[in-house]
Each structure stands twice: as C-alpha cells, then as structure tokens.
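Subject: The structure we talked about

Hi,

Here is the structure I promised to pass on to you. Have a look at it first, and then read my notes below.

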Amino acid sequence: MKDAIQKAYHATALPDPNGQTVPEWIQLLPAGRSSGRDGLGPWTCDPAAVVIGTKGYLGSLDIPMDYDHQLEHTAKNGQPAPAAAWITELEARSDGVWGRTAWTEKGHAHVAAREYRY
C-alpha cells in the first residue's frame with residue numbers, strides 16, 4: 001500500500017434508511033476499473049487483493065471512518081478526527097470491497113438523518 005491513508009476518490013451512496021437502521025455493510029470500493037469523481041485514475045480494483053493487502057498492512061486493527069477525511073488534515077489544522085464508525089471486517093465480493101461497520105452513536109444518528117450519505 002503506497003499510503004497508510006487512502007483518499008476516497010470513489011463515493012458510494014449509503015442506502016436510504018427510511019427510518020430503519022443504517023446499513024451494517026457498505027461498499028468501500030467498486031470492482032474493476034474506475035475513475036474518481038475528481039477525474040483522477042483510472043484504477044483497477046481486485047477486491048480479493050485489496051482485502052488481503054489491507055489485512056496484511058493493518059492486521060487485526062479496525063479501520064476508522066471519520067468525518068470529511070479529517071484524519072488527513074488533523075496534523076495541519078489541529079482539529080480532532082473523531083470516528084463516525086469503525087470498519088471491523090472486510091469482504092471481497094464480485095462487485096467490490098465491502099466493509100462491516102460498527103457505527104458510533106453520533107455516526108449512526110448522522111447517517112439516519114441523512115446528514116452524511118457518501
């Protein structure tokens with residue numbers, strides 16, 4: 001992995017919970033060839049290779065999902081980078097890489113209120 005922190009050039013819409021619980025599993029990366037919304041890329045994602053590489057790099061550590069990519073900016077702006085959720089498990093599927101999320105109370109509330117959707 002080139003960077004310990006990968007930027008999210010791919011944004012996946014979270015399902016509309018319609019008053020139900022927020023999703024437990026979310027798609028993190030699409031399979032195959034894709035380009036970013038910012039025009040960068042294209043990249044090719046082999047879901048199995050991504051899962052193996054990520055587990056090899058992180059071991060059993062959970063992956064934080066923060067607000068507005070603040071983990072990338074905290075050293076420069078000094079602001080905290082609280083987690084909205086933790087990716088506790090990765091799964092390679094035919095359509096991409098999926099993550100099981102353990103939402104924080106605030107993260108759950110933000111997604112349920114549709115304040116964060118991608």
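Before anything else, one term: two strands count as paired if DSSP finds at least two bridges between them. With that in hand, look at β5 and β6, which pair in the antiparallel sense over eight bridges. Keep in mind as you read that this is a predicted model.

First, the overall layout. The chain holds three helices and six strands, and if you follow the sequence from start to end you meet them in the pattern β-β-β-α-β-α-β-β-α. The chain has 118 residues, and 26% of them are buried. Its accessible surface is about 7900 Å², with 53% of that belonging to carbon and sulfur atoms. How much of the contact network joins residues at least 24 apart in the sequence? Taking contacts between residues at least 6 apart, the share is 55%.

Now back to the strands. A hairpin of two residues links β5 to β6, and one pair to find across these strands is L90 with its bridge partner in β6, G99. β6 also has β1 as an antiparallel partner, and five bridges join them. On that side, L29 stands opposite V97 in β6. So where does β6 sit, mostly covered or mostly open? Mostly covered: six of its eight residues are buried.

Next, the core. In soluble globular proteins, nonpolar side chains tend to be buried together. Here the largest nonpolar core has 11 residues: V22, I26, C45, V51, M65, A85, I87, L90, V97, W103 and V111. β5 (83-93) and β6 (96-103) each supply at least two of them, and β5 gives the most, with three residues. You have now met L90 and V97 twice: L90 belongs to this core and is bridged to G99, while V97 is a core member too and sits opposite L29.

Not everything that is covered is nonpolar, though. Try finding Q27, which lies in strand β1 (residues 25-30). Q27 counts as buried because its relative accessible area is 16%, and the cut-off for buried is under 20%. What does the side chain of Q27 have beside it? A polar atom of that side chain lies 2.7 Å from the backbone oxygen of D95.

Last, some backbone oddities. Most residues other than glycine have a negative phi, and most peptide bonds are trans. Which peptide bond here is cis? The one from G41 to P42, with omega near 5 degrees. You will find P42 in the loop between β2 (32-34) and β3 (43-45).

The other two oddities concern phi. D68 is not a glycine, yet it has a positive phi of about 55 degrees. H69 is not a glycine either, and its phi is also positive, at about 55 degrees. D68 is in the loop between β4 (63-66) and α2 (74-77), and H69 is found in the loop between β4 and α2 as well. Are these residues exposed or partly exposed? D68 counts as exposed because its relative accessibility is 57%, which is over the 50% cut-off. H69 comes out at 37%, so it counts as partly exposed.

Have fun turning it around on the screen!

Cheers

Terms used: Residues numbered from 1 in each chain as written. Predicted model: local features only at pLDDT ≥ 70, side-chain atom pairs only at ≥ 80, totals over all residues. Heavy atoms only, no water. Core = buried A, V, L, I, M, F, W, Y, C linked by side-chain atoms within 4.5 Å. Buried < 20%, exposed > 50% of the residue type's maximum accessible area, 1.4 Å probe, protein only. Helix = DSSP H or I, 4+ residues; strand = E, 2+ residues; numbered from the N terminus. Contact = heavy atoms within 4.5 Å. Areas by Shrake-Rupley, 256 points an atom, 1.4 Å probe, with all protein chains shown as cover. Polar contact = N/O pair within 3.5 Å; in protein donor to acceptor, adjacent residues only side chain to side chain.
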